[in-house]
Amino acid sequence: MATLATIMDRFSTANSASCDSSRARLVANEDPFEVPQFPNEDVYFYVKHIDNSRVLREADPAARQVCWRLIGSSFAFAVLLIGLLLPSLNSLMAGYRMEALRQERQRLELDRASLELAETKLVSPARLEELARMQRFVDPAPEAVVYPDANKSDQILAKK
């Protein structure tokens, strides 16, 4: 089936044989090892130095307002985030504190047990007898013991 382009091509070319021979000449003249041109190879870019040191930037009042809004909203978001995370942080810190108190309690119980052991060793009757012998303590005779009378001490205090 013929398309419209092939039909129009027959009428536009006067001689189809001359067309085929011109194509053959173009193919014969082309060098198969020639590198094709790069795109925009013939374009030259000139870089001009522009000095903007004397140009002042025009103040934009809307930009200042946008910046302050951004700063304020960021601060509000940070405060909100901290407020939301604070209870969980507080419970975490309380857990650490409880664990530290448990460890301190265990340490104090061990210290207490060691002090009680040392006290029982120091207050034992055998040790007290040994100390009495070393310092030459003698039990008093029963008639040398004087018991204070409660009534006499009250009378002495009343005289003063």
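The following dialogue explains how to read several features of this predicted model.

Reader: Where should one begin, and how many helices and strands are there in the protein chain?

Author: One begins with the elements of secondary structure. The protein chain of this predicted model has five helices and zero strands. Read from the N terminus, the order of elements is α-α-α-α-α.

Reader: What share of the 160 residues in the protein chain is buried?

Author: Buried residues account for 0% of the 160 residues. The protein chain exposes about 16700 Å², and carbon and sulfur atoms supply 62% of that area.

Reader: How is the span of helix α3 to be read, and what reach would be expected at 1.5 Å a residue?

Author: The distance from the first C-alpha to the last is set against an expected value. Helix α3 covers residues 61-123 and has 63 residues. Its reach is 88 Å, close to the expected 93 Å.

Reader: Where does α3 bend, and by how many degrees?

Author: The bend in α3 is found at Leu86 and amounts to about 40 degrees. A proline, Pro87, follows within four residues.

Reader: Which residues form a nonpolar patch on the surface?

Author: The patch consists of Ile82, Leu86, Leu89, Leu92, Met93 and Tyr96. Together these residues have about 650 Å² of accessible area. Leu86, the site of the bend in α3, is thus named in the patch as well. Another member of the patch, Leu92, lies in helix α3.

Reader: Why does Leu92 count as partly exposed rather than exposed?

Author: The relative accessibility of Leu92 is 48%. An exposed residue must be over 50% and a buried one under 20%, so Leu92 is classed as partly exposed.

Reader: How should salt bridges be approached, and to what number does the count come?

Author: Side chains of opposite charge can pair when their charged atoms come close. In this model the count comes to four salt bridges. One of them joins Arg102 and Glu99, at 3.4 Å from N to O.

Reader: Why does the spacing of residues along a helix deserve attention?

Author: An α-helix has 3.6 residues a turn, so residues three or four places apart point the same way. In this structure, Arg102 and Glu99 are three residues apart in helix α3, about one turn of the helix. Arg102 is partly exposed at 45% relative accessible area, and Glu99 is partly exposed at 37%.

Reader: Which residue forms a salt bridge with Arg105, and how far apart are the closest N and O atoms?

Author: The partner of Arg105 is Glu109, and the closest N and O atoms are 3.3 Å apart. Arg105 and Glu109 are separated by about one helical turn because they stand four residues apart in helix α3. Arg105 is exposed at 57% relative accessibility, whereas Glu109 is partly exposed at 43%.

Reader: How many residues apart are Arg112 and Glu116 in helix α3?

Author: Arg112 and Glu116 are four residues apart, about one turn of the helix. Their side chains meet in a salt bridge, at 3.3 Å from N to O. Arg112 counts as exposed, with 56% relative accessibility, and Glu116 counts as partly exposed, with 41%.

Reader: Why is helix α4 said to lie largely in the open?

Author: One counts the buried residues of the helix. Helix α4 spans residues 125-135, and of its eleven residues the number buried is zero, so α4 lies largely in the open.

Reader: What phi does Arg136 take just after α4?

Author: Most residues other than glycine have a negative phi. Arg136 is not a glycine, yet has a positive phi of about 60 degrees. Arg136 is found in the loop between α4 and α5 (150-159). Its relative accessible area is 72%, so Arg136 is exposed.

Note on methods: Residues numbered from 1 in each chain as written. Predicted model: local features only at pLDDT ≥ 70, side-chain atom pairs only at ≥ 80, totals over all residues. Heavy atoms only, no water. Patch = residues over 30% accessible without salt bridge, like charges linked within 9 Å, V, L, I, M, F, W, Y side chains within 5 Å. Areas by Shrake-Rupley, 256 points an atom, 1.4 Å probe, with all protein chains shown as cover. Helix = DSSP H or I, 4+ residues; strand = E, 2+ residues; numbered from the N terminus. Buried < 20%, exposed > 50% of the residue type's maximum accessible area, 1.4 Å probe, protein only. Expected span 1.5 Å × (residues − 1). Bend = angle between axes of the 7 residues up to and from the residue.
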